[in-house]
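User: I am new to this structure and would like to learn how to read its features one at a time. Could you take me through a few of them?

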Amino acid sequence: MRYNELGITEMIVSHVGLGGAAFSNIYGTYDEKRSFDLIRESLKHGINYLETGPWYGQGISESTIGKALQGIPRSSYFIGSKVGRYEMAPDKMFDFSAEKTAAGVDNTLSLLGLDYVDLIQIHDITFAPDTSVILRETLPALDKARRDGKVRYIGIADYDIDLMQEIVEDSDVKISTILSYAKSTLFDNRLKNYTKYFKSRRVGVINAAATGMGLLSNKGPQPWHPASDDVKAICRSASEYCEKQKVELARIATWFTLNQPGIDLNVCGFFNVEQMIDTLDIMENGINEHERKVLHDVQQRFFDKMTLHWDNVELPVYKAELDKLHD
(Lines give C-alpha, C1' and ligand atoms only; values in the text may rest on other atoms or scores of the structure.)
Protein backbone atom coordinates (compact mmCIF):
# COMPACT_ATOMS: atom_id res chain seq x y z
CA MET A 1 0.00 0.00 0.00
CA ARG A 2 1.14 3.53 -0.74
CA TYR A 3 0.68 6.09 2.07
CA ASN A 4 0.64 9.89 1.93
CA GLU A 5 0.56 12.72 4.42
CA LEU A 6 -2.84 14.39 4.29
CA GLY A 7 -1.94 18.07 4.04
CA ILE A 8 -0.17 19.14 7.22
CA THR A 9 -2.33 16.95 9.43
CA GLU A 10 -0.72 14.17 11.41
CA MET A 11 -2.68 11.67 9.33
CA ILE A 12 -0.63 9.37 7.11
CA VAL A 13 -3.38 7.90 4.95
CA SER A 14 -3.53 5.11 2.40
CA HIS A 15 -3.57 6.34 -1.20
CA VAL A 16 -6.90 4.53 -1.56
CA GLY A 17 -9.60 5.13 1.05
CA LEU A 18 -12.91 3.36 1.61
CA GLY A 19 -16.03 5.34 0.71
CA GLY A 20 -19.10 4.84 2.88
CA ALA A 21 -21.80 5.68 0.34
CA ALA A 22 -21.80 1.99 -0.64
CA PHE A 23 -23.04 1.14 2.86
CA SER A 24 -26.54 2.33 2.00
CA ASN A 25 -28.98 1.95 -0.88
CA ILE A 26 -27.38 4.66 -3.02
CA TYR A 27 -25.42 2.32 -5.29
CA GLY A 28 -27.50 -0.82 -4.92
CA THR A 29 -29.29 -2.85 -2.30
CA TYR A 30 -27.77 -2.51 1.16
CA ASP A 31 -26.38 -5.71 2.66
CA GLU A 32 -24.99 -5.61 6.19
CA LYS A 33 -22.82 -8.74 5.97
CA ARG A 34 -21.31 -7.68 2.65
CA SER A 35 -20.59 -4.28 4.17
CA PHE A 36 -18.94 -5.76 7.26
CA ASP A 37 -16.78 -8.04 5.10
CA LEU A 38 -15.72 -5.15 2.89
CA ILE A 39 -14.79 -2.88 5.80
CA ARG A 40 -12.75 -5.52 7.60
CA GLU A 41 -11.03 -6.86 4.48
CA SER A 42 -10.15 -3.31 3.42
CA LEU A 43 -8.36 -2.76 6.72
CA LYS A 44 -6.53 -6.07 6.32
CA HIS A 45 -5.33 -4.97 2.88
CA GLY A 46 -3.79 -1.76 4.21
CA ILE A 47 -6.60 0.76 3.68
CA ASN A 48 -6.61 2.92 6.79
CA TYR A 49 -9.05 5.72 5.93
CA LEU A 50 -12.84 5.37 5.95
CA GLU A 51 -15.17 8.09 4.67
CA THR A 52 -18.82 8.35 5.66
CA GLY A 53 -21.60 10.83 6.45
CA PRO A 54 -25.22 11.08 7.61
CA TRP A 55 -26.47 11.59 4.03
CA TYR A 56 -25.50 8.05 3.07
CA GLY A 57 -28.62 6.15 4.00
CA GLN A 58 -29.58 8.74 6.61
CA GLY A 59 -27.22 7.25 9.17
CA ILE A 60 -27.07 3.67 7.87
CA SER A 61 -23.50 4.09 6.61
CA GLU A 62 -22.26 5.55 9.88
CA SER A 63 -23.95 2.91 12.04
CA THR A 64 -22.69 0.11 9.76
CA ILE A 65 -19.11 1.32 9.97
CA GLY A 66 -19.45 1.73 13.73
CA LYS A 67 -20.59 -1.87 14.16
CA ALA A 68 -17.91 -3.22 11.82
CA LEU A 69 -15.14 -1.40 13.72
CA GLN A 70 -16.07 -2.80 17.12
CA GLY A 71 -13.05 -4.49 18.63
CA ILE A 72 -10.63 -2.97 16.11
CA PRO A 73 -7.93 -0.76 17.70
CA ARG A 74 -8.75 2.92 17.22
CA SER A 75 -5.14 3.68 16.36
CA SER A 76 -5.30 1.41 13.28
CA TYR A 77 -7.58 3.61 11.17
CA PHE A 78 -8.67 7.17 10.42
CA ILE A 79 -12.28 8.08 9.86
CA GLY A 80 -13.90 11.10 8.26
CA SER A 81 -17.56 12.06 8.35
CA LYS A 82 -19.67 15.07 7.39
CA VAL A 83 -22.24 17.63 8.44
CA GLY A 84 -24.62 19.78 6.43
CA ARG A 85 -26.48 17.23 4.29
CA TYR A 86 -28.86 14.90 6.09
CA GLU A 87 -32.27 13.73 4.82
CA MET A 88 -33.99 12.91 1.52
CA ALA A 89 -36.86 15.40 1.87
CA PRO A 90 -35.82 18.65 0.11
CA ASP A 91 -36.88 20.86 3.03
CA LYS A 92 -34.79 18.75 5.46
CA MET A 93 -31.91 17.86 3.19
CA PHE A 94 -29.53 20.68 4.10
CA ASP A 95 -28.93 22.52 7.35
CA PHE A 96 -25.71 24.46 7.90
CA SER A 97 -26.76 26.25 11.09
CA ALA A 98 -24.49 26.19 14.13
CA GLU A 99 -27.11 24.36 16.22
CA LYS A 100 -27.67 21.59 13.68
CA THR A 101 -23.95 21.28 13.03
CA ALA A 102 -23.19 20.71 16.71
CA ALA A 103 -26.02 18.18 16.97
CA GLY A 104 -24.83 16.50 13.77
CA VAL A 105 -21.35 15.94 15.18
CA ASP A 106 -22.80 14.37 18.33
CA ASN A 107 -25.12 12.13 16.33
CA THR A 108 -22.25 10.97 14.12
CA LEU A 109 -20.15 10.04 17.14
CA SER A 110 -23.10 8.16 18.62
CA LEU A 111 -23.73 6.16 15.44
CA LEU A 112 -20.04 5.37 15.00
CA GLY A 113 -19.60 4.54 18.67
CA LEU A 114 -16.53 6.76 18.85
CA ASP A 115 -15.27 9.56 21.08
CA TYR A 116 -13.93 11.51 18.11
CA VAL A 117 -13.58 11.50 14.35
CA ASP A 118 -10.32 12.38 12.65
CA LEU A 119 -11.92 14.61 10.02
CA ILE A 120 -15.30 16.32 9.84
CA GLN A 121 -16.29 17.92 6.54
CA ILE A 122 -19.03 20.32 5.50
CA HIS A 123 -20.97 18.41 2.87
CA ASP A 124 -21.97 20.20 -0.35
CA ILE A 125 -21.47 23.83 0.64
CA THR A 126 -22.97 24.81 -2.74
CA PHE A 127 -26.41 24.34 -1.20
CA ALA A 128 -25.90 26.74 1.71
CA PRO A 129 -28.17 29.81 1.56
CA ASP A 130 -25.05 31.96 1.50
CA THR A 131 -21.34 31.47 2.09
CA SER A 132 -21.66 33.66 5.19
CA VAL A 133 -23.62 30.83 6.85
CA ILE A 134 -20.64 28.51 6.30
CA LEU A 135 -18.15 31.10 7.53
CA ARG A 136 -20.13 32.43 10.51
CA GLU A 137 -22.06 29.39 11.72
CA THR A 138 -20.91 26.01 10.38
CA LEU A 139 -17.16 26.49 10.63
CA PRO A 140 -17.18 28.11 14.11
CA ALA A 141 -19.42 25.28 15.38
CA LEU A 142 -16.97 22.72 14.02
CA ASP A 143 -14.07 24.64 15.51
CA LYS A 144 -15.73 24.38 18.92
CA ALA A 145 -16.17 20.64 18.36
CA ARG A 146 -12.46 20.50 17.59
CA ARG A 147 -11.58 22.35 20.79
CA ASP A 148 -13.86 19.97 22.70
CA GLY A 149 -11.95 16.97 21.35
CA LYS A 150 -14.79 15.61 19.22
CA VAL A 151 -12.99 16.14 15.90
CA ARG A 152 -9.32 16.49 15.05
CA TYR A 153 -9.45 18.31 11.71
CA ILE A 154 -11.99 20.26 9.65
CA GLY A 155 -12.56 20.02 5.90
CA ILE A 156 -15.01 20.95 3.16
CA ALA A 157 -16.45 18.74 0.41
CA ASP A 158 -18.11 19.97 -2.76
CA TYR A 159 -18.40 19.58 -6.53
CA ASP A 160 -17.51 23.26 -7.06
CA ILE A 161 -13.74 23.61 -6.62
CA ASP A 162 -13.81 27.40 -7.04
CA LEU A 163 -16.26 27.68 -4.15
CA MET A 164 -14.03 25.56 -1.93
CA GLN A 165 -11.09 27.79 -2.82
CA GLU A 166 -13.15 30.85 -1.87
CA ILE A 167 -14.03 29.35 1.52
CA VAL A 168 -10.40 28.40 2.20
CA GLU A 169 -9.34 31.98 1.46
CA ASP A 170 -12.07 33.62 3.54
CA SER A 171 -12.26 31.33 6.56
CA ASP A 172 -10.92 32.35 9.96
CA VAL A 173 -11.15 28.70 10.99
CA LYS A 174 -8.31 26.46 9.81
CA ILE A 175 -9.48 24.21 6.98
CA SER A 176 -7.22 21.18 6.78
CA THR A 177 -8.66 19.39 3.73
CA ILE A 178 -10.86 19.74 0.69
CA LEU A 179 -12.72 16.88 -0.97
CA SER A 180 -13.48 17.15 -4.68
CA TYR A 181 -15.43 14.50 -6.54
CA ALA A 182 -15.72 13.48 -10.21
CA LYS A 183 -13.17 16.12 -11.24
CA SER A 184 -10.10 13.94 -11.51
CA THR A 185 -11.50 11.67 -14.19
CA LEU A 186 -11.11 10.81 -17.85
CA PHE A 187 -13.93 13.18 -18.79
CA ASP A 188 -13.17 16.03 -16.35
CA ASN A 189 -9.68 16.50 -14.93
CA ARG A 190 -9.99 20.05 -13.63
CA LEU A 191 -8.82 19.20 -10.12
CA LYS A 192 -5.23 19.13 -11.43
CA ASN A 193 -5.49 22.90 -11.97
CA TYR A 194 -6.07 23.49 -8.23
CA THR A 195 -3.81 21.07 -6.39
CA LYS A 196 -0.82 23.45 -6.34
CA TYR A 197 -2.99 26.19 -4.87
CA PHE A 198 -4.32 24.00 -2.07
CA LYS A 199 -0.84 22.66 -1.37
CA SER A 200 0.41 26.24 -1.10
CA ARG A 201 -2.24 26.82 1.58
CA ARG A 202 -1.17 23.59 3.32
CA VAL A 203 -4.55 22.02 2.64
CA GLY A 204 -4.79 18.28 2.01
CA VAL A 205 -6.43 17.19 -1.26
CA ILE A 206 -8.95 14.35 -1.21
CA ASN A 207 -10.41 13.07 -4.46
CA ALA A 208 -13.50 10.90 -4.83
CA ALA A 209 -15.49 9.25 -7.62
CA ALA A 210 -12.77 8.09 -10.02
CA THR A 211 -15.49 6.60 -12.20
CA GLY A 212 -17.64 9.74 -12.10
CA MET A 213 -20.16 7.98 -9.82
CA GLY A 214 -20.54 5.10 -12.24
CA LEU A 215 -20.43 6.96 -15.56
CA LEU A 216 -17.05 5.44 -16.34
CA SER A 217 -18.01 1.80 -15.97
CA ASN A 218 -19.39 -0.86 -18.26
CA LYS A 219 -22.43 -1.15 -15.97
CA GLY A 220 -23.22 2.56 -16.17
CA PRO A 221 -24.55 5.04 -13.58
CA GLN A 222 -27.54 4.83 -11.26
CA PRO A 223 -30.83 6.40 -12.44
CA TRP A 224 -30.41 9.35 -10.06
CA HIS A 225 -27.10 10.49 -11.62
CA PRO A 226 -27.24 14.28 -12.22
CA ALA A 227 -25.37 14.30 -15.55
CA SER A 228 -27.30 15.26 -18.67
CA ASP A 229 -28.48 12.69 -21.20
CA ASP A 230 -25.80 13.95 -23.60
CA VAL A 231 -23.01 13.32 -21.08
CA LYS A 232 -24.42 9.90 -20.23
CA ALA A 233 -24.62 9.03 -23.93
CA ILE A 234 -20.93 9.82 -24.51
CA CYS A 235 -19.90 7.75 -21.50
CA ARG A 236 -22.16 4.93 -22.61
CA SER A 237 -20.49 4.94 -26.02
CA ALA A 238 -17.12 4.70 -24.29
CA SER A 239 -18.29 1.76 -22.19
CA GLU A 240 -19.71 0.00 -25.26
CA TYR A 241 -16.37 0.42 -27.00
CA CYS A 242 -14.61 -1.06 -23.95
CA GLU A 243 -16.98 -4.00 -23.88
CA LYS A 244 -16.16 -4.78 -27.51
CA GLN A 245 -12.47 -4.71 -26.57
CA LYS A 246 -13.17 -6.95 -23.55
CA VAL A 247 -11.96 -4.26 -21.15
CA GLU A 248 -13.72 -2.91 -18.07
CA LEU A 249 -13.92 0.89 -18.39
CA ALA A 250 -13.87 1.29 -14.59
CA ARG A 251 -10.42 -0.35 -14.43
CA ILE A 252 -8.72 1.99 -16.88
CA ALA A 253 -10.57 5.01 -15.48
CA THR A 254 -9.43 4.13 -11.96
CA TRP A 255 -5.82 3.64 -13.08
CA PHE A 256 -5.90 7.07 -14.72
CA THR A 257 -7.17 8.75 -11.55
CA LEU A 258 -4.92 6.93 -9.09
CA ASN A 259 -1.91 8.18 -11.06
CA GLN A 260 -2.83 11.87 -11.07
CA PRO A 261 -0.28 14.01 -9.16
CA GLY A 262 -1.01 16.19 -6.16
CA ILE A 263 -3.76 14.03 -4.65
CA ASP A 264 -3.20 12.77 -1.11
CA LEU A 265 -6.16 10.41 -0.86
CA ASN A 266 -8.57 8.79 -3.31
CA VAL A 267 -11.87 7.75 -1.76
CA CYS A 268 -13.34 4.79 -3.64
CA GLY A 269 -16.84 3.42 -3.20
CA PHE A 270 -16.52 -0.33 -3.56
CA PHE A 271 -19.59 -2.55 -3.76
CA ASN A 272 -17.81 -5.70 -2.60
CA VAL A 273 -14.44 -7.16 -1.59
CA GLU A 274 -13.63 -8.20 -5.16
CA GLN A 275 -13.86 -4.61 -6.42
CA MET A 276 -11.62 -3.43 -3.59
CA ILE A 277 -8.95 -6.04 -4.31
CA ASP A 278 -9.10 -5.27 -8.03
CA THR A 279 -8.56 -1.56 -7.35
CA LEU A 280 -5.57 -2.24 -5.12
CA ASP A 281 -4.15 -4.49 -7.84
CA ILE A 282 -4.55 -1.64 -10.35
CA MET A 283 -2.71 0.71 -7.99
CA GLU A 284 0.13 -1.71 -7.27
CA ASN A 285 0.56 -3.50 -10.60
CA GLY A 286 -0.99 -1.13 -13.13
CA ILE A 287 -2.93 -2.16 -16.22
CA ASN A 288 -1.80 -4.43 -19.03
CA GLU A 289 -0.68 -3.42 -22.51
CA HIS A 290 -4.06 -4.04 -24.09
CA GLU A 291 -5.81 -1.95 -21.43
CA ARG A 292 -3.32 0.86 -21.99
CA LYS A 293 -4.10 0.85 -25.69
CA VAL A 294 -7.85 0.90 -25.02
CA LEU A 295 -7.37 3.74 -22.54
CA HIS A 296 -5.53 5.76 -25.19
CA ASP A 297 -8.27 5.03 -27.72
CA VAL A 298 -11.02 5.97 -25.27
CA GLN A 299 -9.33 9.27 -24.47
CA GLN A 300 -8.87 10.10 -28.13
CA ARG A 301 -12.33 9.02 -29.29
CA PHE A 302 -14.57 10.25 -26.48
CA PHE A 303 -12.98 12.56 -23.94
CA ASP A 304 -10.30 14.76 -25.54
CA LYS A 305 -12.64 17.13 -27.37
CA MET A 306 -14.39 18.68 -24.35
CA THR A 307 -14.76 18.59 -20.58
CA LEU A 308 -17.90 16.76 -19.53
CA HIS A 309 -19.57 17.89 -16.32
CA TRP A 310 -22.80 18.79 -14.54
CA ASP A 311 -21.83 22.21 -13.24
CA ASN A 312 -24.81 24.36 -12.19
CA VAL A 313 -27.28 21.50 -12.60
CA GLU A 314 -28.18 20.28 -9.11
CA LEU A 315 -28.69 23.61 -7.32
CA PRO A 316 -31.47 24.90 -9.63
CA VAL A 317 -33.26 21.53 -9.34
CA TYR A 318 -33.04 21.69 -5.55
CA LYS A 319 -34.36 25.26 -5.47
CA ALA A 320 -37.24 24.31 -7.77
CA GLU A 321 -38.20 21.48 -5.44
CA LEU A 322 -38.19 23.86 -2.48
CA ASP A 323 -40.37 26.32 -4.40
CA LYS A 324 -42.90 23.56 -5.07
CA LEU A 325 -43.06 22.77 -1.38
CA HIS A 326 -43.54 26.43 -0.48
CA ASP A 327 -46.30 26.76 -3.08
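Analyst: Let us begin with two terms: contact means heavy atoms within 4.5 Å, and helices (H or I, at least four residues) and strands (E, at least two) are DSSP runs, numbered from the N terminus. This is a predicted model, in which local features need pLDDT of at least 70 and side-chain atom pairs count only at pLDDT 80 or more, while totals for chains, interfaces and linings use all residues. Residues are numbered from 1 along each chain as its sequence is written, and side-chain values use heavy atoms, with hydrogens and water left out.

User: Which elements cover the buried residues of helix 5?

Analyst: A residue is buried under 20% relative accessible area, exposed over 50% and partly exposed in between, with a 1.4 Å probe and protein chains only. In helix 5 the buried residues include Val133, Ile134, Leu139 and Leu142, and their cover includes strand 5 (78-83), helix 4 (98-112), strand 6 (117-123), strand 7 (151-158) and helix 6 (161-170).

User: How far apart are the end C-alpha atoms of helix 5, and where does the helix bend?

Analyst: The expected span of a helix is 1.5 Å times one less than its number of residues. For the 17 residues of helix 5 (residues 131-147) this gives 24 Å, and the end C-alpha atoms are 23 Å apart, which agrees. A bend is the angle between axes fitted to the seven residues ending at a residue and the seven starting there; helix 5 bends by about 30 degrees at Leu139, with a proline, Pro140, following within four residues. After the helix comes Gly149, whose phi is positive, near 85 degrees.

User: In which sense do strand 6 and strand 7 pair?

Analyst: Two strands pair if DSSP finds at least two bridges between them. Strand 6 and strand 7 do so in the parallel sense over 6 bridges, and Leu119 stands opposite Tyr153 in strand 7. Strand 7 also pairs with strand 8 (residues 177-181), in the parallel sense over 4 bridges, where Asp158 stands opposite Ser180.

User: Why is strand 7 described as largely enclosed?

Analyst: That description applies because 7 of the 8 residues of strand 7 are buried by the rest of the structure.

User: What handedness has the unit of strand 6, helix 5 and strand 7?

Analyst: A crossover is right-handed if, with the strands pointing away from the viewer, the path from the first strand over the helix to the second runs clockwise. Strand 6, helix 5 and strand 7 make a right-handed β-α-β unit, and strand 7, helix 6 and strand 8 make a right-handed one too.
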